[in-house]
Amino acid sequence: ATSEDAWAVEAVRIATWKLAYRGLIPDAHLDALEVTEEGVRLRTSRAELGWRTFLAQTQEQVVGMAACGPCRDDDQPERLELGALYVLPPHWGTGAGGVALAISGLAA
């Protein structure tokens, strides 16, 4: 993903949270979530910390993403850590998450 994809990535994250975390996080919090400039800025700033985001796309839109970055385990500095894996709910079960994960290199 590039910085131009940050809005689409954040939209995937928000849509996924609203369904996947229902019943785990208060409904009022989930209902209030929306794509914001601040959220997009956070996605973009993670790239400066060594994080990379990989996309699963159809011809029309970004439908999933995997984000990975430096491992936080002090004894594993050469490893990457999966920080996020989100797929738009209508695309659950289609393999979109596996595609994003595979191109990240973490699926090996």
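Me: In which loop is G50 found?
Reply: This is a predicted model, in which local features need pLDDT of at least 70, side-chain atom pairs count only at pLDDT 80 or more, and totals for chains, interfaces and linings use all residues. Residues are numbered from 1 along each chain as its sequence is written, and side-chain values use heavy atoms, with hydrogens and water left out. Helices (H or I, at least four residues) and strands (E, at least two) are DSSP runs numbered from the N terminus. On this numbering, G50 belongs to the loop between α3 and β1.

Me: Is G50 buried, partly exposed or exposed?
Reply: Buried means under 20% relative accessible area and exposed over 50%, with partly exposed in between (1.4 Å probe, protein chains only). The relative accessibility of G50 is 39%, so this glycine counts as partly exposed.

Me: What is the phi of G50, the residue that follows α3?
Reply: G50 comes after helix α3, and its phi is positive. The value lies near 95°.

Me: With which residues is G50 in contact, leaving aside its neighbours within four places in sequence?
Reply: Contact means heavy atoms within 4.5 Å. G50 and L82 are 32 residues apart in sequence and 12 Å apart in space, C-alpha to C-alpha. With neighbours within four places left aside, the contacts of G50 are C68, G69 and P70.

Me: How far apart are the end C-alpha atoms of α3?
Reply: The expected span of a helix is 1.5 Å times one less than its number of residues. For the twelve residues of α3 this comes to 16 Å, which agrees with the distance in the model. That distance is 17 Å.

Me: Within what arc do the buried residues of α3 fall?
Reply: G39, V40 and R43 are buried in α3. Their arc, taken from the directions from the helix axis to the C-beta atoms, is confined enough that they line one face of the helix. Seen down the axis of α3, the buried residues fall within 105°.

Me: Which residues are exposed on the other side of α3?
Reply: The buried residues of α3 have a cover that includes α1. On the other side of α3, the exposed residues are E38 and E48.

Me: Against which elements do the buried residues of α1 pack?
Reply: Helix α1 has 15 residues, for which a span of 21 Å is expected, and its end C-alpha atoms agree at 21 Å apart. Its buried residues are A6, V9, E10, V12, R13, I14 and T16. These buried residues pack against α3, β1, β2 and β3.

Me: With which residues is T16 in contact, leaving aside its neighbours within four places in sequence?
Reply: T16 lies in helix α1. With a relative accessible area of 5%, T16 is buried. Beyond four places in sequence, its contacts are Y21, Y86, V87, L88, P89 and W92.

Me: Which residues does E81 touch, not counting residues up to four places away in sequence?
Reply: E81 has its place in strand β3 (residues 80-87). Its relative accessibility is 15%, so E81 counts as buried. Once residues up to four places away are set aside, E81 touches W51, A67, C68, G69, P70, C71, R72 and L106.

Me: With which residues is C71 in contact, leaving aside its neighbours within four places in sequence?
Reply: C71 sits in the loop between β2 (62-70) and β3, and at 17% relative accessibility it counts as buried. C71 and G83 are twelve residues apart in sequence and 9.5 Å apart in space, C-alpha to C-alpha. Neighbours within four places aside, the contacts of C71 are Q76, R79, L80 and E81.

Me: Against which elements do the buried residues of α4 pack?
Reply: In α4, the buried residues are A96, G97, A100 and S104. They cover an arc of only 105° around the axis, which puts them on the same side of α4. What these buried residues pack against is β1, β2 and β3.

Me: What distance in space separates A102 and V40, C-alpha to C-alpha?
Reply: A102 lies in helix α4 (residues 96-104). Its relative accessibility is 46%, so A102 counts as partly exposed. A102 and V40 are 62 residues apart in sequence, and their C-alpha atoms are separated in space by 24 Å.

Me: Which residue takes a positive phi just after α4?
Reply: The phi in question is about 90°. The residue that takes this positive value just after α4 is G105.
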